[in-house]
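Reader: Hi! I'm new to this one and would love a friendly tour. Could you walk me through it?

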Amino acid sequence: MQEFKTIFRKHRKILSAVLLLFAVFLIFWTVNSPVLVGVSASKRQLPVYSVQRKDKVAAISFDAAWGNEDTQMLIDILDKYKSHATFFVVGDWAEKYPESVKALADAGNEVMNHSSSHAHFSQLTSEQIKADVNACNDKIEAVTGVRPTLFRCPYGEYDDHVIQAIRELGMEPIQWDVDSLDWKGISAAEITQRVLQRIKPGSIVLFHNAAEHTPEALPDILEALIANGYTIVPVSQILLDGDTYIDNTGMQCRP
């Protein structure tokens, strides 16, 4: 026994190092195991950022939360190029500018939900989120006669409970994979270049109805896309029906 104790003391540091290495390996394996990672990823709730499409079709979307000076101009530009877009409208904006909401819908554009008051949804409970979204739906439906089926999170912010709450309402949360950055006040040329360099079949492009240089950039973007064989449609028309899933990039795909 004494001999065993002597050997143990002599090799205690080596044994401790081996046990430490084993513990590190076990942690690394647990975190990186394909099975465990797959389970974790499958629980993550993502909105739709883009759609798996082989045909040259893309969706243009506008967030409408504050100003309204350029809305009719955007409607006219879209009409000129025989294209339609999705306008994600805040309920307060719809209440303030009902004539613009009606004009959007009458021109064949989609009017969808961008929350009632542009709150930070990740700070709300599921019940508060649902109440807010339904309040906005009520305001839009009162003007257009159509209840929204798509939703865009204010500020583009979301977490699992936000996305789950939206889907429990039977609505689809929509993000974007091409940000025009028009909200930063960049020039029309820069907006055009950003969009045309990044767009691909199945893309969803983000614009804002009150951005300074968007009306100037939009005609060049539409002309270039149409010349390149693209069809521009509202978001609901780019989504896939039937059995689908959303991959880890936010792309809606078929199995």
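Author: Happy to! Let's start with one ring: F121 counts as buried, because its relative accessibility is 0%. Keep in mind that this is a predicted model.

Reader: Cool. What does F121 pair with?

Author: F121 forms an aromatic pair with F151, and the two rings are stacked. Their centres are 5.4 Å apart, with 20 degrees between the planes. F121 sits in the loop between β4 (110-113) and α7 (126-144), while F151 belongs to strand β5 (residues 150-151), so the pair ties together parts that are 30 residues apart in sequence.

Reader: And F151, buried or exposed?

Author: F151 is buried, with a relative accessible area of 0%.

Reader: How many aromatic pairs are there in the whole structure?

Author: A search of the whole structure gives 4 aromatic pairs. One of them is F62 with F207, a stacked pair at 5.4 Å centre to centre and 25 degrees between the planes. This pair links distant parts of the chain: F62 is in strand β2 (residues 57-64) and F207 is in strand β8 (residues 204-208), 145 residues apart. F62 and F207 are both buried.

Reader: Which residues make up the cluster linked by ring pairs?

Author: That cluster consists of F62, F87 and F207.

Reader: Switching to helices. Which residues of α4 are buried?

Author: In helix α4 (residues 71-80), the buried ones are T71, L74, I75, I77 and L78. They span an arc of only 165 degrees around the axis, which means they lie on the same side of α4.

Reader: Why do residues three or four places apart point the same way?

Author: It comes from the helix itself: an α-helix has 3.6 residues a turn, so residues at that spacing point the same way.

Reader: Nice. What's exposed on the other side of α4?

Author: D79 and K80 are exposed there. As for the buried residues of α4, they pack against β2, β3 (86-89), α5 (91-96), α6 (98-106) and α10 (214-227). Just after α4 comes K82, which takes a positive phi of about 50 degrees.

Reader: You mentioned α6. Where does V101 lie, and what does V101 touch?

Author: V101 lies in helix α6. V101 is buried, with a relative accessible area of 0%. Leaving out residues up to four places away in sequence, V101 touches V89, W93, A94, V111, V143 and T144. For V143, the C-alpha atom is 7.0 Å from that of V101, although the two residues are 42 residues apart along the chain.

Reader: New topic: how many disulfides does the count come to?

Author: The count comes to 0 disulfides. Looking at two cysteines, C136 is buried, with a relative accessible area of 0%. C153 is buried too, because its relative accessible area is 2%, under the 20% cut-off.

Reader: Last one: how much space lies in the largest pocket?

Author: About 300 Å³ of space lies in the largest pocket. It is lined by 18 residues, and the closest to its centre are D63, W66, H118, W183 and H208.

Reader: Which elements give two or more residues to that lining?

Author: Those are β2 and β8. You've met both strands already: β2 holds F62 and β8 holds F207.

Reader: Lovely, that ties things together for me. Thanks!

Notes
Residues numbered from 1 in each chain as written. Predicted model: local features only at pLDDT ≥ 70, side-chain atom pairs only at ≥ 80, totals over all residues. Heavy atoms only, no water. Phe/Tyr/Trp six-rings, centres within 6.5 Å; stacked < 30°, edge-to-face > 60°. Helix = DSSP H or I, 4+ residues; strand = E, 2+ residues; numbered from the N terminus. Buried < 20%, exposed > 50% of the residue type's maximum accessible area, 1.4 Å probe, protein only. Arc of directions from axis to C-beta. Contact = heavy atoms within 4.5 Å. Disulfide = S-S within 2.5 Å. 1 Å grid on protein atoms, 1.4 Å probe; cavity = no way out; pocket = protein on both sides within 12 Å on 5 of 7 lines; lining within 4 Å. Points joined across faces, edges and corners; volume = space filled by probe spheres on them.
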